[in-house]
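Please open the model in your viewer and keep the full chain displayed. The tour begins with the whole molecule and then moves to a single residue.

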Amino acid sequence: MGICKIREWKDLENHFNEVKNQTLTTLFLDDKNRAKQFTLTDCGWFVDFSKNLVTQKTLQLLIKYAEHQKLGDEIANMFAGEKINRTENRSVLHVALRNLSGNPITLEGKNIMAGVNSVIGRMESLARKIRSGKWKGYSGKKIKNVINIGIGGSDLGPVMIYEALKFYSERSLNIRFVSNIDATHLTEQLYDLNPEESLFIVASKTFTTQETMTNAESAKRWILNHFNEQEAVRNHFVALSTNLEAVKAFGIDTDNMFEFWDWVGGRYSLTSAIGLSLMIALGPDNFRALRNGFFKADTHFRQKELKANIPVIMGLIGIWYNNFYGSDTLAILPYDQYLHRLPAYLQQTDMESNGKGVDRQGVPVNYQTGPIIWGEPGTNGQHAFYQLIHQGTKIIPCDFIGFVNSLNRLGDHHEKLMANFFAQQEALAFGKNEARLIAEQVNSDQIPFRIFEGNRPSTCFLAEKLSPETLGALIAFYEHKVFVQGVLWNIYSFDQWGVELGKQLAGNILKELPKNAPATLSHDSSTNQQIEYFKSKRNDD
């Protein structure tokens with residue numbers, strides 16, 4: 001039986017028909033305590049859900065549906081190491097990567113924390129060597145440049161965290177990231193670097209990922225062209241992988257290979273060995289604080305009852321908009337320039353997890369699943385796309401993320417930033433009607449164009465300051481929200497089979513692209529035409 005036939009879902013449909021014309025203005029007028037009743041605080045975050053198109057009854061019905069879907073059991077199963085990634089027959093234990101409780105986490109009777117803590121300890125040791133200058137390049141020079149080569153979860157997480165926590169980083173180190181197989185990415189990132197002062201981190205579980213290994217081989221040629229000694233590779237490369245033989249064949253000392261496990265999905269792996277670049281940039285203490293933020297949010301998610309559980313409420317409200325209001329997207333709007341890569345990171349977390357069209361029984365769904373995630377930092381976004389959010393024809397729920405204190409005090413910049421943060425939420429919620437425009441003596445010809453209907457929903461996330469700990473908690477909130485929604489949509493959130501087909505086809509097409517390669521004409525007429533045009537115009541010099 002599909003979820004739309006479940007009685008609790010039907011109750012939500014009936015409730016939606018009763019309240020779909022409600023306005024935030026009326027909701028606030030009718031309940032003077034609404035703001036307090038719809039606000040939760042924990043893990044360093046003040047989260048105000050009150051400017052959403054929900055009532056207490058809405059949340060009660062959503063929670064009843066979540067209970068029907070056995071959300072509490074599903075949460076417990078994840079933390080217990082059950083193989084909830086059923087299509088790949090894997091456990092999902094990224095929570096073990098930030099388990100600072102000292103308690104064991106067992107998988108198939110084995111305490112996996114011993115392995116996790118061992119890798120973290122080795123990462124700390126390497127980071128201290130590089131930060132202190134004890135690690136030397138082949139010519140004896142200190143390492144000044146650390147270049148992470150990865151893609152997907154091996155890139156987006158580290159890039160986002162590094163940019164977000166740059167304030168806390170060691171500025172004498174130059175941390176760079178290469179992901180795109182486009183040669184321009186690697187070329188530009190190496191343009192002004194000295195090979196003698198550069199260390200590459202190659203992040204690939206299998207050590208076969210096409211984009212990563214293509215870039216790694218080109219980086220190795222860059223090192224060898226400078227030193228002309230194969231032994232130089234050992235001083236300038238480390239590996240994040242499980243493929244010992246491939247790492248050895250590349251020329252990397254296997255003592256400098258850092259393991260991670262198949263119970264960690266790429267997009268959930270940034271506190272594993274995948275975070276080595278962050279450990280180096282931020283130092284062990286800040287990396288531990290980051291993990292502690294994750295751990296606090298994990299504990300909150302595991303222990304809090306559903307009605308007081310921040311990720312659960314985030315997930316329920318997302319279901320409400322996606323499946324009842326028909327909202328296709330969620331805008332992530334961080335009012336802090338350090339978080340400029342957060343929307344892109346959350347795109348992967350959400351869209352790779354819940355971009356599924358088949359339920360857990362293998363049946364195509366007849367309802368909407370994962371939303372489109374997008375956004376930009378404020379106030380830049382206000383001068384780009386807020387027009388559509390305010391006065392367009394689409395309802396776009398927004399998550400506003402801000403901080404009470406700036407890490408960079410400069411005049412009244414932060415007060416002006418945060419004035420916009422609060423004002424945009426107020427404007428979206430309550431708008432401006434015709435009566436107010438008339439009272440302001442606006443020209444009658446302009447009134448239709450200057451009306452703001454309001455009733456545009458938003459959630460406020462506010463912390464005292466951006467720190468490793470508050471950032472870790474925020475990311476964990478979003479991770480767990482995605483899991484909640486997967487349970488409620490009856491889909492599997494932790495596989496990503498959708499990335500495979502394009503890879504397979506690309507492998508076949510690659511053989512056809514050299515000019516002297518025979519034309520197979522084995523594709524559709526459009527793809528054949530594109531390949532032939534590419535071959536006819538390419539410059540092989």
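Accessible areas here come from the Shrake-Rupley method with a 1.4 Å probe, and for residues only the protein chains shown count as cover. This is a predicted model, in which local features need pLDDT of at least 70 and side-chain atom pairs count only at pLDDT 80 or more, while totals for chains, interfaces and linings use all residues. Residues are numbered from 1 along each chain as its sequence is written, and side-chain values use heavy atoms, with hydrogens and water left out.

Display the molecular surface first. The accessible surface of the protein is about 24,900 Å², and carbon and sulfur atoms contribute 48% of that area.

Next, switch to a cartoon view. The protein contains 22 helices and 13 strands; these are DSSP runs numbered from the N terminus, with helices (H or I) of at least four residues and strands (E) of at least two. Along the principal axes, the C-alpha atoms fill a box of roughly 75 × 60 × 55 Å.

Now colour by burial. Among the 541 residues of the protein, 52% are buried (under 20% relative accessible area; exposed is over 50%, and partly exposed lies in between, with a 1.4 Å probe and protein chains only).

Then select Asn508, which belongs to helix α21 (residues 500–510). Asn508 is partly exposed, its relative accessible area being 42%.

Finally, add Thr187 to the selection. How far apart are Asn508 and Thr187 in sequence and in space? They are separated by 321 residues in sequence and by 26 Å in space, C-alpha to C-alpha.
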